[in-house]
Amino acid sequence: MPIITSSKTQPTYDVIVVGSGAGGGQAAYTFTMAGARVLMLEAGRNYDPVTETPMFQTNANAPLRGVATKDKPWGFYDSTIDGGWTVPGEPYTSASSDPYRRFNWWRARMLGGRTNHWGRISLRNGPYDFKPYSRDGLGFDWPINYEDVAPYYDKVEMLIGVYGSNDGLENTPNSPAGVLLPPPKARAGELLAQKKAKGLGIPIVPIHRAVLTTKQDADNIPAKLHPGNAKAQRILAEAMRARAACFWATDCGRGCAIKATYQSTTVHLPPAMATGNLDLVTDAMVREVLVDANGKATGIAYIDKSTGQDFVVKARVVVLAASSAESVRILLNSKTAQFPQGVANSSGLLGKYIMDTVATSLAGQVPALENLPIHNEDGAGGAHLYAPWWLYQQQHAGKLDFARGYHIEYSTGRKMPEGGFSSGLEWLTGGSYGRKFKEDVRRYYGSTLSFGGRGEMIPNDDCFCDLDPTVKDRFGLPVLRFHWKWSSHELRQVAHQQQTFKTIIEAMGGKVRNEPAKDPLTVIRPGGDVKHEVGGAIMGSDARRSVANSWSQTWDVPNLYFCDGAPFCSNADKNPTLTIMALAWRTADHILERMQRGEL
Amino acid sequence: MDRRTAIKWMLTAAATIAVLERDGVAAEGAPAAAKGYGTDPDLLKAYKPGDVWPLTLDATQLATAAALCDVIIPADAKGPSASSLNVHLFVDEWISAPYDGHAADRKLVVEGLGWLDEESRRRFQIPFVNLIAGQRNAICDDICYAPKAQPQFAKGAQFFKKFRDLTAGGYYTTPEGMKDIGYVGNVPLASFDGPPPEVLKQLGLA
């Protein structure tokens, strides 16, 4: 990936984009393809999945057989570098010492950010998901609705390549014909669960993931995405042809050297670079957004980590896509006479209403899956099926004791062994060793499975971040302090999740490894743990009760926008990345129009 | 193993406790001074135990570890023994790692290996490596399943569980171990065809 150094930046740009992940990548792509001149700032190092991805390395060649450590907290071969739950020299703090009120913050300091590592699950929010308050009186409605975003979901899905099927389920939108790539065939355990869950009234259907199950249609998609723009069409067609279809090996979390999955580094940034309109500076740690006396953003001050020097760069428009919490932090650290509490914080709501995904899991073992004939179940490097939330009507009728739903992701199959392989198997073997143990391992291999819930959290007053009054990072910048508390809605939802998983495992003829917990607080994953943190600069239709408007434009500073999860005012069970990209494209289109009209 | 540790391990249920004062494990439980591989390691390089941080076990301990590895995973028709794949060196790498939790495993494994020899000498007057299979099994039967272990073997069972987990993790991640269980992935395919017909038939999904 070509990059420039801090000394080579232009005097001014049309747009500065802070962050190179899903939102920043999409924004930079949209701007540069339309001809706008963009400077992208990334806090981490340059990173090239084509040359750096360990595609076929096996765990025997990794330290500690590849298991997670503090240095590589999602496993040795996970693509995340210089990050994870901790970033050296860049701490964050928790307001409470109560372990059940902690918040975990996953950061990646690398080009492409967390898109290199993510699970590729790409679900659309449905119509209900934009109007949750109207539906149950909790949380906030978005100032936009599904129809506003649907065209951008279509475009993003065509651009990045998403497999899946259209099943017409409630609040689980179909994509237009020809947009989705064909779903992969399901694995043995996935099929068995599908069959047994059907008997329980739980629909299991193909999941949507950003993995190319076939080559993209490079002859037709570019004209649909960039009508009337021959240069953009040519660049995108070339970029699409440079991507291979999945070859059915390698976990997607390692990244993908053949570009079969969406990563910003292989999908958004190469065409953006090819336009000649993108300058990219890595190792650029943003200090603050600069705002002039008229209340307009003039640019960004950042620290070049390679030299420690400060730089100022200027643009007509500033777009924050640093990840929701990091964007909030940048603004809280940007103080002027006009904005003593941080830029764009006249509402006092900056940092408020952060949300993550409600999650727990339950593992089990299914005798029917023992001793299956040997076959390859690597598949698309992640899940092939899932269960969308299926109890909308019961919930709406007040028959459940929690207000928002969850979808089920589950994991089965004959996977490549990792360091913890067969750990704790004595719950099935009674402690065998020797030849009996070897026979047991063969027998049980592929017969264990795990169900996980991914549910909607309702924003609440106890979940927010602010600046720690004393702690600073190695650049001298105040760090974030997180406040967290689950409400009874999330805890009751988790209890329902665990009971559901037990029911499915038993319907498959299996047994659970551990019974559902009596106290859901002990099994709900901590805040931030699912890495779906959004909010902190919620959008709304009232400047006193939100930070941004329906275009993710800050109410206070007209040329300052968000293109990450910060403006989310609800966090549906649907994994947020696809929506972040769709909203980023929509916001970038809006900025381009306003720039053309001379309004920015 | 020092006297206090030995007593803790053997408790008092055994009629005689032949506590042997031995040296060589003074460092047990001490935090490793070494550093880890850092947050941006070379992912394409092949690593082996000892490449990133120094190892812990001496020759006697390694021999005991290798012997125990093979009690847990011996050679059979489908795969070689654990020690022939140097799984005991992976155990050493594990307990020597400078990451959270590994110091506790180091203490457990180093003390456990010492205890195994003590127990072997107590029962059979020779070290564990010199025992015949039936003698090794006599000890391991007492510690192979923590929920049913006698109180005096509780700590030994905790050690055995950890050691079995490490041995399995070390073994089944090797090419030979993956072949043993029938993992046939990690190869590029032109298409993914789902389960073969015989699998669907066995599951009643055909």
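# Exercises on a predicted two-chain model

The domain assignment divides chain A into domain 1 (1–149 + 240–356 + 461–486 + 534–600) and domain 2 (184–206 + 359–455 + 487–523). The structure is a predicted model.

## Exercise 1. The two domains of chain A

Task: State what separates the centres of domain 1 and domain 2 of chain A, and describe their contact.

Solution. Begin with the centres: taken over C-alpha atoms, those of domain 1 and domain 2 of chain A lie 32 Å apart. Next, count the residues in the contact: domain 1 of chain A contributes 20 residues and domain 2 of chain A contributes 21 residues. Finally, sort the domain 1 side by class: the part of domain 1 of chain A that touches domain 2 of chain A holds 9 nonpolar, 6 polar and 5 charged residues.

## Exercise 2. The nonpolar cores

Task: Identify which residues of the largest nonpolar core touch the most other members, and which helix gives the most to this core.

Solution. The largest nonpolar core has 162 residues, and those touching the most other members are Val15(A), Ile16(A), Val18(A) and Val319(A). The helix that gives the most to this core is H15 (residues 577–596) of chain A, with 10 residues. With regard to domains, both domain 1 and domain 2 of chain A supply at least three residues each to this core.

Now take one member in detail. Beyond its neighbours within four places in sequence, Val15(A) is in contact with Phe31(A), Ala36(A), Val38(A), Ala315(A), Arg316(A), Val317(A), Val319(A) and Ile591(A). Another core, of 54 residues, lies apart from the one just described and includes Leu43(B), Phe90(B), Ile95(B) and Cys144(B).

## Exercise 3. The contact between the chains

Task: Determine how many residues each chain gives to the contact, and which helix of chain B supplies the largest share of its side.

Solution. Chain A gives 60 residues to the contact and chain B gives 54 residues. On the chain B side, at least two residues come from each of helix H2 (59–72), helix H3 (87–96), helix H6 (154–172), helix H7 (175–181) and helix H8 (197–202). The largest share of that side, 7 residues, is supplied by H6(B). By class, the side of chain B that touches chain A comprises 32 nonpolar, 13 polar and 9 charged residues.

## Exercise 4. Strand E5 and Asp279(A)

Task: Explain why Asp279(A) counts as buried, and place this residue in its strand.

Solution. Asp279(A) belongs to strand E5 of chain A. Asp279(A) counts as buried because 21 C-beta neighbours lie inside 10 Å, and the cut-off for a buried residue is 20 or more.

The strand as a whole follows. Strand E5 (residues 278–281) of chain A is covered on both faces, with Leu278(A) and Leu280(A) buried on one side and Asp279(A) and Val281(A) buried on the other. E5(A) pairs with strand E2 (residues 38–41) of chain A in the parallel sense over 4 bridges, and Leu280(A) is the bridge partner of Met40(A).

The last step concerns contacts. Leaving out residues up to four places away in sequence, Asp279(A) touches Ile4(A), Thr9(A), Gln10(A) and Leu39(A).

## Exercise 5. A sheet of 3 strands

Task: Give the strand order of the open sheet of 3 strands in chain A, and name the strands at its edges.

Solution. The order is E3-E15-E14, with mixed pairing. Strand E3 (93–94) and strand E14 (464–472) of chain A stand at the edges; each has a single partner strand, so one side of each lacks a neighbour in the sheet. E14(A) pairs with strand E15 (residues 478–483) of chain A in the antiparallel sense over 5 bridges. Within E15(A), Pro478(A) is the bridge partner of Lys472(A).

Methods. Residues numbered from 1 in each chain as written. Chains lettered and ligands numbered in written order. Predicted model: local features only at pLDDT ≥ 70, side-chain atom pairs only at ≥ 80, totals over all residues. Domains from an automatic or database assignment. Contact = placed C-beta atoms within 7 Å. Nonpolar A, V, L, I, M, F, W, Y, C, P; charged D, E, K, R; others polar. Core = buried A, V, L, I, M, F, W, Y, C linked by C-beta atoms within 7 Å. Buried ≥ 20, exposed ≤ 12 C-beta atoms within 10 Å, placed from the backbone. Pairing = 2+ DSSP bridges.
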